[in-house]
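Let us take a walk through this fold together, from its sheet and helices to a few backbone details. Please have the sequence and the 3D view open as you read.

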Amino acid sequence: MTVEITGRQQWQSWQSNLLPMVEQVQDGLWSIPVPIPDNPLRYTLVYAHETANGLVLVDAGWDSEETWKALVAGIAVTGYRSADVEGVLVTHYHADHYGLAERIRGVSGAWVAMHVRDAEVLANLPTDRGTWERRVAEQLTTHGCPEGQARAAAGEMQLGRFVGRGVPDRLLQNGQTLEVGGVELRVVWTPGHSPGHSCFHAPDRRVLFSGDHVLPRITPQVAAMDSDAAEDPLTDYLGSLERVRLADIEEVLPAHEYRFRGLASRLQFLASHHTERLIELGAAVSAHPGSTAWELCSVLTWSRLWETFSPLSQRFALGETLAHLIMLRARGEVIGLPSRPVRWYTAAGGCTW
């Protein structure tokens with residue numbers, strides 16, 4: 001089965017590079033697109049559940065005045081005000097999802113809920129932008145990025161949007177069930193895109209709020225920047241794809257692009273994409289032993305030429321490459337020598353590709 005577009009108006013707006021309209025998806029459930037300024041993702045789809053006390057949102061959008069005005073206007077279309085928001089369920093801590101949660105809480109007194117793992121990430125972030133930019137630049141140079149490009153990439157990341165961000169006041173766990181406006185929502189922990197990324201499954205509505213875990217067209221980024229850490233985000237992500245393979249899901253409501261049917265087909269595509277990437281990267285390590293992750297990026301297949309990437313896009317590509325290298329290492333197929341920069345080789349007795 002192929003993916004079937006159900007958000008036709010959203011799809012048409014995507015094709016025309018426009019912000020979609022607010023839509024009533026089901027009784028008591030709304031989709032509110034809010035812009036992400038100067039970003040190819042264009043917008044975040046915020047979902048609003050009507051309750052006896054107001055609205056509960058899934059995600060909040062980017063923290064900017066433009067986004068805030070769009071969210072307030074979108075909420076008004078549903079017949080409510082921003083002051084009527086009683087809660088925000090956050091799929092993950094990234095700025096285009098969590099950014100406005102604190103402002104909503106300030107206006108309405110809403111509770112903000114997030115998986116405990118992402119709440120831990122927020123709690124451990126540097127408290128000033130300069131420290132964070134230096135840390136990011138060091139991570140990049142550790143894996144072969146030239147120092148000047150590393151500084152440029154760190155500067156493009158708008159890290160200040162994370163500094164001082166308020167922490168959630170409710171912590172979510174996998175399998176937890178929430179009652180929202182008379183509808184059951186089950187937390188499905190889907191780590192990979194972030195350590196605590198969570199989808200919300202509404203069996204009565206037969207929908208999955210998939211955040212960034214499963215999108216209809218884009219392959220979500222699964223990245224790592226520290227090859228010394230114990231985390232293996234790609235292994236986590238591939239396992240998480242299976243967690244949402246649920247028979248009663250009729251429609252997927254993602255955080256970007258447009259609504260769709262055909263979850264099983266999309267899950268198969270995403271798993272196959274990463275399998276192919278692992279094979280390509282393993283072959284690249286074999287053909288170019290002793291390469292840094294940065295050097296390997298330059299010989300991999302991308303949607304456009306590596307040399308045309310902006311410093312920030314190169315940083316994202318490096319993170320994805322590292323995540324795949326970490327999984328290959330966990331499978332015993334490559335090794336990364338703990339030099340500076342880290343260099344990669346095919347493991348003795350491993351796959352020769």
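Helices (H or I, at least four residues) and strands (E, at least two) are DSSP runs, numbered from the N terminus. With that naming, Arg-206 can be placed in the loop between strand S11 (198-202) and strand S12 (207-211). Please keep in mind that this is a predicted model.

A good place to start is the open sheet, where 7 strands follow the order S2-S3-S4-S5-S6-S7-S8 with mixed pairing. Its edges are strand S2 (23-26) and strand S8 (170-172), each of which pairs on one side only. From one strand to the next, the twist averages 25 degrees. Inside the sheet, strand S5 (residues 54-58) and strand S6 (residues 85-89) pair in the parallel sense, over 4 bridges. If you want a landmark for this pair, look for Leu-55, which stands opposite Val-85 in S6.

Two helices that pack on this sheet are worth finding next. Helix H1 (residues 8-15) touches S2, strand S3 (29-35) and strand S4 (43-51), and its direction makes about 160 degrees with that of S4. Helix H4 (residues 101-108) also packs on the sheet, touching S5, S6 and strand S7 (111-115); the direction of H4 makes about 160 degrees with that of S6.

Now to the nonpolar interior. The largest nonpolar core has 73 residues, and those with the most contacts inside it are Leu-71, Ile-104 and Trp-344. Which helix gives the most to this core? That is H11, with 8 residues. Apart from this core lies another, of 24 residues, among them Ile-5, Leu-45, Tyr-47 and Phe-209.

H11 also deserves a look for its helix contacts. The axes of helix H8 (residues 233-243) and helix H11 (residues 311-330) come within 7 Å and cross at roughly 85 degrees. Angles of 65 to 115 degrees count as roughly perpendicular, so H8 is roughly perpendicular to H11. On the H8 side the contact is made by Pro-233, Leu-234, Thr-235 and Leu-238, and on the H11 side by Ala-323, His-324 and Met-327. The residues of this contact divide into 5 nonpolar, 2 polar and no charged.

Helix H7 (residues 147-156) meets H11 as well: their axes come within 8 Å and cross at roughly 95 degrees. H7 and H11 are therefore roughly perpendicular to each other. Here Gln-149, Ala-152, Ala-153 and Glu-156 in H7 meet Pro-311, Leu-312, Gln-314 and Arg-315 in H11. This contact has 4 nonpolar, 2 polar and 2 charged residues.

Let us move on to S12 and S13. These strands pair in the parallel sense over 4 bridges, and Gly-211 stands opposite Pro-254 in S13. In a regular strand the side chains alternate between the two faces of the sheet. For strand S13 (residues 251-254), both faces are covered: Glu-251 and Leu-253 on one side, and Val-252 and Pro-254 on the other, are all buried.

His-201 sits in strand S11. Is His-201 buried or exposed? At 4% relative accessibility, His-201 counts as buried, because the cut-off for buried is under 20% relative accessible area. Leaving aside neighbours within four places in sequence, His-201 is in contact with Glu-184, Leu-185, Arg-186, Val-188, Val-207, Leu-208, Leu-246, Asp-248 and Ile-249. The C-alpha atoms of His-201 and Leu-328, 127 residues apart along the chain, are separated by 31 Å.

Finally, some backbone details. Most residues other than glycine have a negative phi, and most peptide bonds are trans. Against that background, Asp-59 has a positive phi, near 70 degrees. Asp-59 is found in the loop between S5 and helix H2 (65-77), and at 1% relative accessibility Asp-59 counts as buried. Arg-206 is not a glycine either, yet its phi is positive, at about 60 degrees. Arg-206 is partly exposed, with a relative accessible area of 37%. The peptide bond from Arg-340 to Pro-341 is cis, with omega near 5 degrees. You will find Pro-341 in the loop between strand S15 (334-337) and strand S16 (343-346).

Methods
Residues numbered from 1 in each chain as written. Predicted model: local features only at pLDDT ≥ 70, side-chain atom pairs only at ≥ 80, totals over all residues. Heavy atoms only, no water. Axes fitted to C-alpha atoms, helices over the stretch in contact; angles between N-to-C directions. Parallel < 35°, antiparallel > 145°, perpendicular 65-115°, else oblique. Contact = heavy atoms within 4.5 Å. Nonpolar A, V, L, I, M, F, W, Y, C, P; charged D, E, K, R; others polar. Pairing = 2+ DSSP bridges. Core = buried A, V, L, I, M, F, W, Y, C linked by side-chain atoms within 4.5 Å. Buried < 20%, exposed > 50% of the residue type's maximum accessible area, 1.4 Å probe, protein only.
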